[in-house]
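Colleague: I have just opened this one and would like some help reading it. Could you take me through it, feature by feature?

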Amino acid sequence: MAQPVAKEVAEHGTRIFFYNNIRTNQVIYSLSRTLNNVASLAQLPFLGKKTVPARLRKDLWHPFCLVEFPHPSQGLLAFRRLREFRRLHETSYPLSLITRAKGQLLPKKQRGKVLMDQKANSIADLAAVLQLQKEGWTQEHVQTRERQIERVRMQKERGKQKYRRRDPQGPPEMGVEGVRVRWTNLLDAEFAETWPEKVVHDGLTRHRYTAALPLVKGDVEQKGGMDVPAPLLDAG
């Protein structure tokens, strides 16, 4: 029984699942195929009455995208950035987004509906996150990480701290080589203006409640699976 658990831990972060509410277009990011009720609800901000459900209904939340990374560190970094970008959309939006043509604010209920609709933003954010990972770490990030590693090494030598966990490593893997984005509807990729050239877009079998099983390397789905190079999607 230990082997499946070890494999699951090793693969944690290699996949990000995108779920959206088919009524409100709210989006939840998940590192596992199934949504955890408590952790998922924590991603949804309170935007007014009935904008955060008491629990997730499986018939309303459907997977629409799966992102696969070659290294767990890439996926975990992308997951964190996606949640940060989404928080900005929900809290630092332009006033024109919730204003009528005559300059009046929309009613509270309508404001909530507008701010809950994050599907298009989440796809554009994904393209932006992958572009950042393509560009790699800045020199400032690398120097900061090197100072952290050196500080831990000196503390261990002086005996001030006893570390049972592994020593901090260098900056996580970057780049987009080997990154695959799979869509239940390939046209959803058009919500982003550009994609990094090396990102591969593929089909994803449509499932109602739980995302489709990730493909084993070398396998090809019989239905809906097709490789589409990013340049065909107006890559930049």
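Colleague: Let me start with a single residue. In which helix is the place of E90?

Modeller: E90 sits in helix α3. Keep in mind as we go that this is a predicted model.

Colleague: Is E90 buried or exposed?

Modeller: The idea is to look at the relative accessible area, where under 20% means buried. E90 has a value of 7%, so E90 counts as buried.

Colleague: Which residues is E90 in contact with, leaving aside its neighbours within four places in sequence?

Modeller: With that restriction, E90 touches P45, L47, L115 and Q118.

Colleague: Now the helix itself. How many residues does α3 have, and how far does it reach?

Modeller: Helix α3 covers residues 72-91, which is 20 residues. From the first C-alpha to the last it reaches 29 Å, close to the 28 Å expected at 1.5 Å a residue.

Colleague: And which residues of α3 are buried?

Modeller: A general point helps here. An α-helix has 3.6 residues a turn, so residues three or four places apart point the same way. In α3 the buried residues are Q74, G75, L77, A78, F79, R81, L82, R86 and E90.

Colleague: What covers the buried residues of α3?

Modeller: The cover includes two strands, β1 (15-21) and β2 (27-30), and two helices, α4 (108-116) and α5 (119-135).

Colleague: Since α5 came up, what should its 17 residues span at 1.5 Å a residue?

Modeller: The expected span is 24 Å, and the end C-alpha atoms of α5 are 25 Å apart, so the two agree. The buried residues of α5 are K119, S122, I123, D125, L126, A127, V129, L130 and Q133. Among the elements that cover them are β1, β2, β3 (61-68), α3 and β4 (180-183).

Colleague: Which residue follows α5?

Modeller: That is G136, and its phi is positive, near 85 degrees.

Colleague: Which residues other than glycine have a positive phi?

Modeller: Two examples will do. N25 is not a glycine, yet its phi is positive at about 65 degrees. N25 lies in the loop between β1 and β2 and is partly exposed, with a relative accessible area of 24%. K50, also a residue other than glycine, has a positive phi near 65 degrees.

Colleague: Where is the place of K50, and is K50 buried or exposed?

Modeller: K50 belongs to the loop between α2 (37-41) and β3. With a relative accessible area of 76%, K50 is exposed. The C-alpha atoms of K50 and K109 are separated by 9.2 Å, although these residues are 59 residues apart along the chain.

Colleague: Where is the place of N36?

Modeller: N36 is in the loop between β2 and α2. Its relative accessible area is 46%, so N36 is partly exposed. Its C-alpha atom is separated by 8.9 Å from that of L56, 20 residues apart along the chain.

Colleague: How do I look for empty space inside, and how many cavities of 30 Å³ or more does the structure hold?

Modeller: Rolling a probe the size of a water molecule over the atoms shows where empty space is left. Here the structure holds one cavity of 30 Å³ or more, and the largest cavity has a volume of about 40 Å³.

Colleague: Which residues line the largest cavity?

Modeller: The lining is made of Q26, V27, L44, P45, L47, R86, E90, M116 and Q118. By class, five of the lining residues are nonpolar, two polar and two charged. Our starting residue, E90, is in that lining.

Colleague: Stepping back, how many helices and strands does the protein chain have?

Modeller: There are six helices and six strands. From the N terminus the order is α-β-β-α-β-α-α-α-α-β-β-β. Of the 236 residues, 35% count as buried. Among contacts with a separation of 6 or more, 68% are between residues 24 or more positions apart.

Colleague: Last one: what is the mean pLDDT of the protein chain?

Modeller: The mean is 79, and 72% of the residues reach 70 or more. Over residues 220-236 the pLDDT is below 50, and beyond near neighbours in sequence this stretch has 46 contacts in the model.

Methods: Residues are numbered from 1 along each chain as its sequence is written. This is a predicted model: local features need pLDDT of at least 70, side-chain atom pairs count only at pLDDT 80 or more; totals for chains, interfaces and linings use all residues. Side-chain values use heavy atoms; hydrogens and water are left out. On a 1 Å grid over the protein atoms alone, a cavity is a set of points where a 1.4 Å probe fits but cannot get out, and a pocket is an open set with protein on both sides within 12 Å along at least five of seven lines; lining residues have an atom within 4 Å of a point. Grid points are joined across faces, edges and corners, and a volume is the space filled by probe spheres set on the points. Ala, Val, Leu, Ile, Met, Phe, Trp, Tyr, Cys and Pro count as nonpolar, Asp, Glu, Lys and Arg as charged, and the others, Gly among them, as polar. Helices (H or I, at least four residues) and strands (E, at least two) are DSSP runs, numbered from the N terminus. The expected span of a helix is 1.5 Å times one less than its number of residues. Buried means under 20% relative accessible area, exposed over 50%, partly exposed in between (1.4 Å probe, protein chains only). Contact means heavy atoms within 4.5 Å. pLDDT is the predictor's confidence in each residue, from 0 to 100.
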